[in-house]
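Hello,

I am handing this structure over to you. Please look at the sequence and the model first; my notes on what was found follow below.

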Amino acid sequence: MIKCLVRSTAVAVALQCIGCAAGTVGTDSDDTRTATEVRKDTMQERASAQTSIDPIAAPAVLRSPAEDRKAGNPEASPYLATESELIVHSSISIDMSNEMLVDNALFSSALERMRGEEMTSVEAQKLATHHREVLERAVGELGVVENLTCGLSLCIGSVTSLTQADHEAWSRRLVRDPAARRYGAVHSYAPVGDQLQQRFVFSTDPAVAALFSSR
């Protein structure tokens with residue numbers, strides 16, 4: 001696979017995978033760019049950072065907890081430990097997310113570690129509470145939210161439903177919910193007994209609104 005950076009739109013996107021088979025991985029994305037285009041874009045961003053920006057014309061973007069943490073301590077990582085393993089070039093790593101989502105042991109370990117880290121951060125706990133409420137509202141009677149835990153920029157979790165059609169139905173509900181602030185996601189299906197579990201990683205941070213693949 002050609003190295004690529006997949007940019008998500010600035011609007012919130014929901015977890016959805018239409019036509020995915022069990023065990024496959026899907027992503028929420030709108031645009032694919034080559035490595036050459038990524039390097040060119042990075043150079044342009046550095047150049048534009050040196051120019052002045054009209055604060056009235058510039059779009060208003062809410063600061064994320066990760067941005068606040070970085071501003072308070074420039075030398076500190078803006079992410080908690082587990083989520084930092086899934087972020088490359090300010091993007092969700094498709095490769096690392098894929099590896100974690102499809103492996104039962106890795107997925108369980110990531111959930112356990114992020115839960116522990118979430119308990120050390122009030123901001124992460126607030127994000128987890130908000131996104132669990134939104135997700136449970138969307139899933140409703142169509143399944144069960146098995147897991148959801150958040151860092152400062154990413155959340156990981158799983159929903160179990162009877163069929164893929166149920167997953168697609170609650171995903172459509174999620175798309176229509178204005179409180180579902182998601183900026184990019186990687187997800188996978190795994191069979192659990194006679195049911196189907198969707199596992200996912202999604203961004204809650206507009207500064208991590210892209211997907212990156214090294215393959």
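**Nonpolar cores**

The largest nonpolar core has 20 residues, and among these Leu 135, Val 159, Trp 170 and Leu 174 touch the most other members. Please keep in mind that this is a predicted model. Five elements each give at least two residues to this core: helix H6 (122-139), strand S6 (144-150), strand S7 (154-161), helix H7 (164-176) and strand S9 (195-203). H6 provides the largest share, with 6 residues. Separate from this core is a second one of 17 residues, whose members include Tyr 79, Leu 111, Val 186 and Val 201.

**Salt bridges**

There are 4 salt bridges in the structure. I describe some of them here, including the one between Glu 136 and Arg 132, where the closest N and O atoms are 3.3 Å apart. Both residues belong to helix H6 and stand 4 residues apart, so about one helical turn separates them. Glu 136 is partly exposed, at a relative accessible area of 41%. Arg 132 also counts as partly exposed, because its relative accessibility is 26% and that class runs from 20% to 50%.

Another salt bridge joins Asp 177 to Arg 137, with 2.8 Å between the closest N and O atoms. Asp 177 is in the loop between H7 and strand S8 (185-192), whereas Arg 137 is in helix H6, so this pair ties together parts that lie 40 residues apart in sequence. The two partners fall on either side of the 20% cut-off for burial. Asp 177 is buried, with a relative accessible area of 16%, while Arg 137 is partly exposed at 48%.

Arg 173 and Glu 141 form a salt bridge as well, and their closest N and O atoms are 2.9 Å apart. This pair, too, links distant parts of the chain: Arg 173 sits in helix H7 and Glu 141 in the loop between H6 and S6, 32 residues away. Arg 173 is partly exposed, with a relative accessibility of 29%. For Glu 141 the value is 63%, which makes this residue exposed.

**Disulfide**

The structure has 1 disulfide, formed by Cys 150 and Cys 155. A disulfide is a covalent bond between the sulfur atoms of two cysteines. In this one the sulfur atoms are 1.9 Å apart. The link of Cys 150 and Cys 155 is right-handed, with 100 degrees about the S-S bond. Both Cys 150 and Cys 155 are buried. The number of Cys 150 falls within the range of strand S6 (144-150), and that of Cys 155 within strand S7 (154-161).

**Positive phi angles**

What is the sign of phi at His 89? The value is positive, near 55 degrees, and the residue is not a glycine. Most residues other than glycine have a negative phi. His 89 lies in the loop between strand S4 (87-88) and strand S5 (91-93). With a relative accessible area of 62%, His 89 is exposed.

Ser 90 likewise has a positive phi, of about 55 degrees, without being a glycine. Ser 90 is placed in the loop between S4 and S5. The relative accessibility of Ser 90 is 42%, so this residue counts as partly exposed.

Regards

How values were computed. Residues are numbered from 1 along each chain as its sequence is written. This is a predicted model: local features need pLDDT of at least 70, side-chain atom pairs count only at pLDDT 80 or more; totals for chains, interfaces and linings use all residues. Side-chain values use heavy atoms; hydrogens and water are left out. Buried means under 20% relative accessible area, exposed over 50%, partly exposed in between (1.4 Å probe, protein chains only). A nonpolar core is a set of buried Ala, Val, Leu, Ile, Met, Phe, Trp, Tyr and Cys residues joined through side-chain atoms within 4.5 Å. A salt bridge is a side-chain nitrogen of Lys or Arg within 4 Å of a carboxyl oxygen of Asp or Glu. A disulfide is a pair of cysteine sulfur atoms within 2.5 Å.
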